[in-house]
Amino acid sequence: MKFPASVLASVFLFVAETTAALYLSSTYRSGGDRMWQALTLFFSLMPCALVQLTLLFVHRDLSRDRPLVLLLHLLQLGPLFRCFEVFCIYCQSGHNEEPYVSITKKRQMPKNGFSEEIEKEVGQAEGKLFTHRSAFSRASVIQAFLGSAPQLTLQLYISILEQTITVGRSFLMTLSLLSIVYGALRCNILAIKIKYDEYEVKVKPLAYVCIFFWRGFEIATRVIVLVLFTSVLKTWVVIVILVNFFSFFLYPWIIFWCSGSPFPENIEKALSRVGTTIVLCFLTLLYAGINMFCWSAVQLKIDDPDLISKSQNWYRLLVYYMLRFIENAILLLLWYLFKTDIYMYVCAPLLILQLLVGYCTAILFMLVFYQFFHPCKKLFSTSVSESFQAFLRCSCWRQRRQKSCDSLGKTDLKSSRKQEEIPSSSKRSPEPTHILSAEELCSA
């Protein structure tokens, strides 16, 4: 049985970030910064409440008689209790023989074109650990993009305005960045496991390292770009955020309405139609929050039973990163044009170049992951290198075709000009030359 390291990492980031945010808010209060204190507390306590609700929803504790668990969640101690419960199950799993086991069937990754189906016995303890891991993975994603991402943006914005970085603020920003990167990493792993549910997925350590650098560069550059733009154009950043948010929030609903599918009723049996609508709206809210800062790695599909599209759409991935790179470049250009005196000692062109190179580095790590370290790369119809080669061939073919068309156009133009000149010369009939005879010459 695997050691529950993901649960321990989720609980550590949850407790550390919450503690650092509470300490920093107390320093804002002592300094008289009531607004910064309120915003810091809001971005700390709001994801805490959502994490408690997520753990209760996944474990279905609302429909069971567990008053102590509900009380601990109300006191915001639910993750600590769940972590203690996980390690109790893990420590007792090897000592007690389980009378009941379930058999799961998974297919192995194809080797030489063949894929074998294997059966595995799963005991009750391992099933409970799987449920806990799944719950904490979802809680980490919620904490990262609905709490840590706006918290990091806020603290970096305060640092730029005050032109100082305190120890408490730097510690909170570091924890927030780690929380966002970890949440994005869990989002990648969840997407892989949901898309390839029938296969036995094993993620190698180098794949985790590659995803960590990919998400780290992507999120860090995105947050810095948003903060720089906010510091000079506070009104316009609201428009940028609203356009981004509602574009990703409404996109799954527009696809659902255009498909004409019936309203999904199989998300949770205990939920009514109103409850199902609330859950779907929360999922689309989380989906929009993720795509505000980085690629979500999944496509939300409301009419699907798993709520996630299992098809690998390279075109959507390409469009997202192209548009996001263009948006970052435009925001940096506007910041450069309207920057104030607080950036007097900052080399603006060098900073813009570093941020754009950093985003390109994130894209490079993403391509390396999909090319070499993706656990299900053997199931891809085309790899990243093949797609890139096909793109180069297509672009080269288009250039050659354009050159051939231009050369044909030039030859046609020359031939038409020659054809125009030939009739004009033929119309000029030579005048008849009169040859004088010898008698006329003598008479003359």
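Colleague: What makes the pairing of the side chains of E327 and R222 a polar contact?

Modeller: This is a predicted model. In it, the side chains of E327 and R222 are joined at 3.4 Å. The cut-off for a polar contact is within 3.5 Å. So 3.4 Å qualifies as a polar contact.

Colleague: Which side chain makes a polar contact of 3.1 Å with the side chain of E327?

Modeller: The side chain of N244. Again the limit is within 3.5 Å, and 3.1 Å meets that limit.

Colleague: Why is E327 called buried?

Modeller: E327 has a relative accessible area of 17%. Buried means under 20%. Therefore E327 counts as buried. The residue sits in helix α10, residues 314–338.

Colleague: Why is N244 called buried?

Modeller: The relative accessible area of N244 is 9%. That value is under 20%, so N244 is buried. N244 belongs to helix α8, residues 234–259.

Colleague: Which residues are in contact with N244, leaving aside neighbours within four places in sequence?

Modeller: R222, M292, R324 and E327. With residues up to four places away in sequence not counted, E327 touches R222, V240 and N244.

Colleague: Why are α7 and α8 called oblique?

Modeller: Their axes cross at roughly 140° and come within 6 Å. Roughly antiparallel needs an angle over 145 degrees, and roughly perpendicular covers 65 to 115. An angle of roughly 140° fits neither class, so α7 is oblique to α8.

Colleague: Which residues make that contact of α7 with α8?

Modeller: From α7, R222, F229, T230, S231 and V232. From α8, K234, W236, V237, V240 and N244. They divide into five nonpolar, three polar and two charged.

Colleague: What makes α5 and α7 oblique to each other?

Modeller: Helix α5 (residues 124–162) and helix α7 (residues 205–232) pack at about 50°. Roughly parallel means under 35 degrees, and roughly perpendicular starts at 65. About 50° lies outside both, and α5 and α7 are therefore oblique. Their axes are 9 Å apart. The crossing is right-handed.

Colleague: Which residues of α5 and α7 make the contact?

Modeller: On α5, L152, T153, L156, Y157 and I160. On α7, V223, I224, V227, L228, T230 and S231.

Colleague: How many residues of the contact of α5 with α7 are nonpolar, polar or charged?

Modeller: Eight are nonpolar, three are polar and none is charged.

Conventions:
Residues are numbered from 1 along each chain as its sequence is written. This is a predicted model: local features need pLDDT of at least 70, side-chain atom pairs count only at pLDDT 80 or more; totals for chains, interfaces and linings use all residues. Side-chain values use heavy atoms; hydrogens and water are left out. Helices (H or I, at least four residues) and strands (E, at least two) are DSSP runs, numbered from the N terminus. Buried means under 20% relative accessible area, exposed over 50%, partly exposed in between (1.4 Å probe, protein chains only). A polar contact is a pair of N or O atoms within 3.5 Å; within protein, one must be able to donate a hydrogen and the other to accept it, and residues adjacent in sequence count only if both atoms are side-chain atoms. Contact means heavy atoms within 4.5 Å. Axes are lines fitted to C-alpha atoms, for helices over the stretch in contact, and angles run from 0 to 180 degrees between N-to-C directions. A crossing is left-handed if the near helix is turned anticlockwise from the far one by less than a right angle, and right-handed if clockwise. Ala, Val, Leu, Ile, Met, Phe, Trp, Tyr, Cys and Pro count as nonpolar, Asp, Glu, Lys and Arg as charged, and the others, Gly among them, as polar.
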